[in-house]
Amino acid sequence: MEDNAVQLAFKISDTGIGIAPSKIESIFESFTQESNVITRKYGGTGLGLTISKRLVGLHHGKIRVESELGVGSKFIIDLPFGISRKLYKFKKIVSSLKDLTDLKILVVEDNNMNQIVAKQILHKWNAYVDTVNNGVEAIEILSQKSYDVILMDLQMPLMDGYEATKIIRDKNSKVLNHQVPIIALTADAFPEIKRKALECGMNDFISKPFKQDDLFVKLTKHGYQLE
């Protein structure tokens, strides 16, 4: 198969009377049973296999059968499926890029346990990580150092993530890099919260608790500025 496609195989088995080798080629024909005795004893006309073959064909697939008299039959359906190019691109990133070496990340989070968890995950990916407890501390460190991406909690004491982001984006503030990508981190996943985060200048949004693969993709996308 091509890189943008996969092929899936479905197998359906039974332990029935089986099919004689001489009859296998004809069982997919309309209104065909292996013998009239089968029709009288078990009912049906054989139309189901014909319909199945046509449906599989419409999806550019194939159907085949393996059978042994007195043992049973096995029907195998092979179907091709396309893969979204966008999804495929990110899947390749996740599978091929093993770490976040050289990526400098600032975690702005007031919960100490959340800081520890974030640092453990990011250090596992070889990222450089600093943590601060609120927006005030974030603005202070951002006036001294530059980062590739910020993970910003929204609700924090002294200065929340919204206000901190507005100051970061303000070209008159003392922050060194006003265009640094900011990913909102919050347990509140309501659409209006996401909209508010984006409106104040954040670049993306991830809900807590997050899946590590999701976080990795977002950090890679924004931190390395991939197209």
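Val-107 of S4 has Thr-131 in S5 as its bridge partner, and that pair is a handy way into this predicted model. Five bridges join the two strands, S4 and S5, which run parallel. On the other side of the story, Val-108 is bridged to Met-152 in S6, and S4 and S6 are paired in the parallel sense over four bridges. How enclosed is S4 by the rest of the structure? Largely so, because four of its five residues are buried.

## The chain as a whole

Stepping back for a moment, the protein chain holds eight helices and eight strands. Of its 227 residues, 38% are buried. Among contacts with a separation of 6 or more, 61% come from residues 24 or more positions apart.

## The five-stranded sheet

The strands above belong to an open sheet of five, in the order S5-S4-S6-S7-S8, with parallel pairing. S5 and S8 each have a single partner strand, so one side of each is left without a neighbour in the sheet. On average, neighbouring strands here are turned by 20° against each other, direction ignored.

Helices cover this sheet too. H6 packs on it, touching S6 and S7, and the direction of H6 makes about 150° with that of S6. H8 lies across S4, S6, S7 and S8, and runs at about 165° to S8.

## The three-stranded sheet

There is also an open sheet of three strands, ordered S1-S3-S2, and here the pairing is antiparallel. Strand S1 (5-14) and strand S2 (62-68) are the edge strands, each pairing on one side only. Neighbouring strands of this sheet are turned by 20° against each other on average, again ignoring direction. S1 and strand S3 (residues 72-82) run antiparallel and are joined by ten bridges. Within that pairing, Ala-9 stands opposite Asp-78 in S3.

## Helices H5 and H6

Two packed helices are described by the angle between their axes and the distance between the axes. For helix H5 (residues 135-142) and H6, the angle is about 20° and the axes are 9 Å apart. H5 and H6 are therefore roughly parallel to each other, and H5 passes H6 in a right-handed crossing.

Which residues of H5 meet H6? They are Gly-135, Ile-139 and Leu-142, and their counterparts in H6 are Ala-164, Ile-167 and Ile-168. The buried residues of H5 are Gly-135, Ala-138, Ile-139, Ile-141 and Leu-142. An α-helix has 3.6 residues a turn, so residues three or four places apart point the same way. What covers the buried residues of H5 includes H6 along with strand S4 (104-108), strand S5 (128-132) and strand S6 (149-153).

At the start of H5, Asn-134 has a side-chain oxygen that reaches to within 3.1 Å of the backbone nitrogen of Val-136.

## A buried histidine

Just beyond H6 is a residue worth a look in your viewer. His-178 is found in the loop between helix H6 (161-169) and strand S7 (182-186). Is His-178 buried or exposed? At 14% relative accessibility, His-178 counts as buried, because the cut-off for that class is under 20%. The side chain of His-178 reaches the backbone oxygen of Val-175 at 3.3 Å. Leaving aside residues up to four places away in sequence, His-178 touches Ile-168, Arg-169, Asp-170, Lys-171 and Ser-173. One of these, Ile-168, is also among the H6 residues that H5 meets.

## Backbone geometry in the loops

Most residues other than glycine have a negative phi, and most peptide bonds are trans. The table gathers some loop positions to check against that background.

| Site | Backbone value | Loop |
|---|---|---|
| His-60 | phi near 60° | between helix H2 (47-58) and S2 |
| Asn-126 | phi about 65° | between helix H4 (112-124) and S5 |
| Pro-209 | omega near -5°, from Lys-208 | between strand S8 (204-207) and helix H8 (212-223) |

Neither positive phi belongs to a glycine: the value for His-60 is in a residue other than glycine, and Asn-126 is not a glycine either. How accessible is His-60? With a relative accessible area of 68%, His-60 is exposed, while Asn-126, at 44% relative accessibility, counts as partly exposed. The peptide bond from Lys-208 to Pro-209 is cis.

Technical notes: Residues are numbered from 1 along each chain as its sequence is written. This is a predicted model: local features need pLDDT of at least 70, side-chain atom pairs count only at pLDDT 80 or more; totals for chains, interfaces and linings use all residues. Side-chain values use heavy atoms; hydrogens and water are left out. Two strands pair if DSSP finds at least two bridges between them. Axes are lines fitted to C-alpha atoms, for helices over the stretch in contact, and angles run from 0 to 180 degrees between N-to-C directions. Buried means under 20% relative accessible area, exposed over 50%, partly exposed in between (1.4 Å probe, protein chains only). A polar contact is a pair of N or O atoms within 3.5 Å; within protein, one must be able to donate a hydrogen and the other to accept it, and residues adjacent in sequence count only if both atoms are side-chain atoms. Contact means heavy atoms within 4.5 Å. Angles under 35 degrees count as roughly parallel, over 145 as roughly antiparallel, 65 to 115 as roughly perpendicular and the rest as oblique. A crossing is left-handed if the near helix is turned anticlockwise from the far one by less than a right angle, and right-handed if clockwise.
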